[in-house]
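Student: I have a model open and would like to talk through its charged side chains. Could you take me through them?

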Amino acid sequence: PTPGKSQNGNTPTPNDSLLSPRERRVTAELARGAGVEEIATALCISPHTARTHVRNVRRKLGARTSAEAVARALMLGLVALPAR
């Protein structure tokens, strides 16, 4: 998406700024079933940084688990279901 625009190209929504672009990418990786090590490899970051992003996503979404964070992100339209 274009900076300042929502994922569908319209005006920004409050949900668009809830997670950073990197946090949305981490959440999308979680949605496809990736673990911290896989996320780190996919995003070329350290596992420590990946864990920090996952922790921040869970905190921002008020989720106790990564699975709950993914479910909330899907409901809020922050990430899409992964393609099969």
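Student: Which residue is linked with Arg25 and Arg32 in a network of salt bridges?

Tutor: A salt bridge here is a side-chain nitrogen of Lys or Arg within 4 Å of a carboxyl oxygen of Asp or Glu. This is a predicted model, where local features need pLDDT of at least 70, side-chain atom pairs count only at pLDDT 80 or more, and totals for chains, interfaces and linings use all residues. Residues are numbered from 1 along each chain as its sequence is written, and side-chain values use heavy atoms, with hydrogens and water left out. Arg25 meets one residue at 3.4 Å, N to O, and Arg32 meets that residue at 2.7 Å, N to O; the residue is Glu29.

Student: Is Glu29 buried or exposed?

Tutor: Buried means under 20% relative accessible area, exposed over 50%, and partly exposed in between (1.4 Å probe, protein chains only). Arg25, at 41%, is partly exposed, and Arg32, at 45%, is partly exposed too. Glu29 has a relative accessible area of 7%, so Glu29 is buried.

Student: How many residues apart in sequence are the parts that Lys60 and Glu23 tie together?

Tutor: Their side chains meet in a salt bridge at 2.7 Å, N to O. Lys60 lies in helix α3 (residues 47-61) and Glu23 in helix α1 (residues 21-31), so the parts tied together are apart by 37 residues. Helices are DSSP runs of H or I, at least four residues, numbered from the N terminus.

Student: How many salt bridges does a search of the whole structure find?

Tutor: Among them are the Lys60 pair with Glu23 and the Arg25 pair with Glu29. The whole-structure search gives four.

Terms used: Helix = DSSP H or I, 4+ residues; strand = E, 2+ residues; numbered from the N terminus.
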